[in-house]
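Me: Could you zoom in on one threonine side chain for me and tell me what surrounds it? After that, carry on outward to the strands and the chains, and keep it chatty.

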Amino acid sequence: MSSTDTPTEETPTEEAATDSAREAMLEQLSGELGDALVGSHLEPGIDLTVRVTAAAWADTAAFLKTGMGFAYFNFLSAIDWMPSPFGRDMDSQVDITLEGTEAKPAEEMTWGLAGGETRFQVFARVNDIVKHRAVTIKADVPEDSLTVPSWVGAYAGSNWHEREAWEMFGINFEGHPGLRHIYLPGEFEGNPLRKDYPLLARRVKPWPGIVDVEAMPGDDDETDSAEAAAGDASTDPADAGSQQ
Amino acid sequence: MTDITDRQQLKYIAAQAADARVNLELETEGMTLNIGPQHPATHGTLRIVAKLDGEQVIAADPVMGYMHRGYEKLTEVRTYPQVTTLINRIDWLGSFANEVPFILAAEQLMEVEAPPRAQWIRTILFEMSRIANVVLFLGDMAVQVGAVTPVFFAFRDREHILNQIEAVTGGRFHPNFDRIGGLKDDLPAGWVAETKQVMKKMRAFCDEIETLVMGNEIFQARTRGIGVIPADVGLQYGLSGANIRASGVDWDVRRDNPCGLAYDQVDWKVWTHPDGDSFSRFWVRLQETREATKIVDQLLDTIPAGPVMAKVPRIIKVPAGEAYVETENPLGVMGYYVVSKGDLVPYRVKIRSASFNNMSISPWLLKGVYVPDIITILASLYFILGDIDR
Amino acid sequence: MGLVESGKVTGGLASLLNMSRKYSLWVYQWGLACCAIEMGAAFGSPRYDVMRLGVIPLPASPRQADLVVVSGTVTDKMAPAIRRLYEQMPEPKYVISMGSCANCGGPYWDSYSVTKGVDQIIPVDVYVPGCPPRPEALLEGIVLLQERIQNEDMATRWKGEAIVVD
């Protein structure tokens, strides 16, 4: 078993049964992939996440399908790990640089389970519905080419998922029969799910941020009512932090 | 079954004709038929571009995105309770079911367990949203095939369920009732007895549909042998829910991985059908609706007392981590892959929606079928556009 | 110059004509999303029956429709279709925008693919708020529209001038 950034957690004694099943999965995968398996995270009783190199991305799919019996394709997508340059809107009061103060240092890129090294990661999930087990596979997308091999050869269902990932993130899938728009109109520019793609409505009128106490309908001052008008009743403008 | 063999033959002929066309002197161009994007209300804005040769489809290409609202981007700028409000609207017929996997994923990250009463009530509302959803499917598939009356029965009987959901949550659909750690409120007085009456009515509705629709000669002729999905193809495309169970695959996330919901406390059955055609998908959903009413009855009898909300901080900050939870929603398996960095807002939420996978098989499935069969097949696959387009 | 255009239809006759128009609306449902289900409940279920108001659903095509109810989220991809639909309807035509998505973008006000309100594309007569509005709310919207039709000046409408609501 190899794990780099995130160590595997210790198993509590009552979870031993499920955990050994996942450990067996991990051993089988690392036995087949060898060096291509660069990270893993096993949450005992809950889930297994495995990270492979981009070059081995399609081979992993083929092995999972034929060698390990994961016949069910669940989904495939991508994550952009770059911290959003627009800050986290909900804390906009915190992220806005006030005059006379220094800008906060840019956040560092951190990755999730099983680690990572590049900005984009593709991840996919496959199930074995006979033995009731599932695994999440991740891979770093090479920064220069933004290309990973396609899963269409192994799982026919990944066709649409890869089209969506291409459209939303701009990641190319080598060997895909036809990467074209699936959701957005043909003239759409940009890749919406990238972190540096702005939501223009929020740039024009930033969310007022966390407001602890909601003003009563009678005695709200002008700023509150103007900012409350920007949101909509169904998004609970001032109840962002309160638990009902 | 002779029907299937005939269709296989027809597919072969269509493929040959498509190749041979360029050599024919009488070169008739195949027609491109545009189905959509305006459908009768229940299916929504789906557009299918079908290349036809006479009455047969050579290639069908669904064009989606007419309801794409950018959910995955919007969840990155909303707090967890706000996301709960938003994701109600993905599968807009059985709305409570959309909240549950997301809340369960967030609870898994926060390592909070909802009290048993909350899990019970969640399961009851989950099953009720399944009934509300599938009841409309039963009426809607009939109207797509040509029988107009059942859809009025469906709307009428759905009102009973919506009344009950409204009595608890305040919203007919889009209840926005689930919270991280439990539920917003407890059940009102008298709700349990009323819901039992409603379940009786829903069983009566199922019987009505069975006598009205399922035995009908025309319905059977239009759905038997149409749109056969072999099990291995269905698995490759990620089909879920009744679509895969109608192909004989015995997989139900409620039984295999309930994730805290109360399914293991009641006695119920998973329905499968070996045929894999449109009729079997209808049949499986009808049986599942009946089963759901029985589940709700059993759960109503055994609701434990106690609080409906665990102790969670007022401002929810979910610790860093990743979690994936999937549940058996009315349309299929729905899952949320929640990536959190310890903020008030999720970092990335990947919404695994059932209808996206269910629809992805349609280019493969619609090759070589007749034009009216397109409607039947799509009706039997049962997708909601909000679920496909997110 | 016809009677209506030259403004000779006034008083009781105008009121009679308006009343006949308001009680014979043929509604084209542009059902897009969740509001379409409530619209379906309003039009199709026996509980909130809309036909008692004289409004009949399901015309064969927009060219035979008097009223269009836009219910649900309008995306940028769908917007040209709505514009084309509106232009296909013959005058006098009315638009009801149902639900907050059609009114102003609704819960998706900040999305990159949602048109913030159908009134950016077509002129709207009545806005029905809600998410989704109850079928009774839609019925109230239709009744409001009928009141508006009753008090309308047909000559203004004929000439295509802006209709002022007082």
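Reply:
**Around A:T118**

The side chain of A:T118 comes within reach of the backbone oxygen of A:F120, at 2.9 Å. Before going on, keep in mind that this is a predicted model, so every number here is computed from predicted coordinates. A:T118 has another backbone oxygen to look at: that of A:V141, which sits 3.3 Å from a polar atom of the threonine side chain. Both distances fall inside the 3.5 Å cut-off for a polar contact between N or O atoms.

Where does A:T118 sit in the chain? It belongs to the loop that links helix 3 (92-95) and strand 4 (120-128) of chain A. Is A:T118 buried or exposed? Its relative accessible area is 10%, and the cut-off for buried is under 20%, so A:T118 counts as buried.

Which residues does A:T118 touch, leaving aside those up to four places away in sequence? The list is A:W81, A:M109, A:W111, A:D140, A:V141 and A:E143. A:V141 therefore turns up twice in this story, as a touching residue and as the owner of one of the backbone oxygens by the side chain.

**Out into chain A**

Now let's pull back to the rest of the chain. Chain A holds six helices and seven strands, and reading from the N terminus the order is α-β-β-α-β-α-β-β-β-α-β-α-α. A:T118 is among the buried residues, and for the chain as a whole 49% of the 244 residues count as buried. If you take contacts between residues at least 6 apart in sequence, 66% of those in chain A connect residues at least 24 apart. The chain exposes about 11,300 Å², with carbon and sulfur atoms supplying 52% of that area.

Strand 1 (residues 37-43) of chain A is another covered spot: five of its seven residues are buried, so the rest of the structure largely encloses this strand. Its partner is strand 2 (residues 47-52) of chain A, which runs antiparallel to it and is joined through six bridges. One place to see the register is A:G39, which stands opposite A:R51 in strand 2 of chain A. The hairpin these two strands make has three residues between the strands, and A:G45 there takes a positive phi near 80°.

**A parallel counterpart in chain C**

In general, strands of a sheet pair through backbone hydrogen bonds, in either a parallel or an antiparallel arrangement. For the parallel kind, look at strand 3 (residues 67-71) of chain C, where five of five residues are buried. How is the cover split between its faces? C:L67, C:V69 and C:S71 are buried on one side, while C:V68 and C:V70 are buried on the other.

Strand 3 of chain C has parallel pairings with two strands. Strand 1 (residues 26-31) of chain C is joined to it by five bridges, with C:Y28 and C:V68 as bridge partners. Strand 4 (residues 94-98) of chain C also pairs with it over five bridges, and there C:L67 stands opposite C:Y94.

**The sheet in chain B**

Chain B brings us back to antiparallel pairing: three of its strands form an open sheet in the order 1-2-3. Strand 1 (31-35) and strand 3 (56-63) are the edges, each pairing on one side only. On average, neighbouring strands in this sheet are turned by 20° against each other, direction ignored. Strand 2 (residues 47-53) and strand 3 of chain B share seven bridges, one of which pairs B:D53 with B:Q56. Lying across strand 1, strand 2 and strand 3 of chain B is helix 15 (residues 371-381), at about 145° to strand 2.

In all, chain B has 16 helices and eight strands, and 66% of its 390 residues count as buried. Its radius of gyration is 22 Å, which agrees with the value near 21 Å for a compact globule with 390 residues. The C-alpha trace spans about 80 × 45 × 35 Å along its principal axes. Of the contacts in chain B between residues at least 6 apart in sequence, 72% join residues at least 24 apart. The exposed area is about 12,400 Å², and carbon and sulfur atoms account for 54% of it.

Technical notes:
Residues numbered from 1 in each chain as written. Chains lettered and ligands numbered in written order. Predicted model: local features only at pLDDT ≥ 70, side-chain atom pairs only at ≥ 80, totals over all residues. Heavy atoms only, no water. Pairing = 2+ DSSP bridges. Helix = DSSP H or I, 4+ residues; strand = E, 2+ residues; numbered from the N terminus. Axes fitted to C-alpha atoms, helices over the stretch in contact; angles between N-to-C directions. Contact = heavy atoms within 4.5 Å. Rg over C-alpha atoms; globule rule 2.2 N^0.38 Å. Buried < 20%, exposed > 50% of the residue type's maximum accessible area, 1.4 Å probe, protein only. Areas by Shrake-Rupley, 256 points an atom, 1.4 Å probe, with all protein chains shown as cover. Polar contact = N/O pair within 3.5 Å; in protein donor to acceptor, adjacent residues only side chain to side chain.
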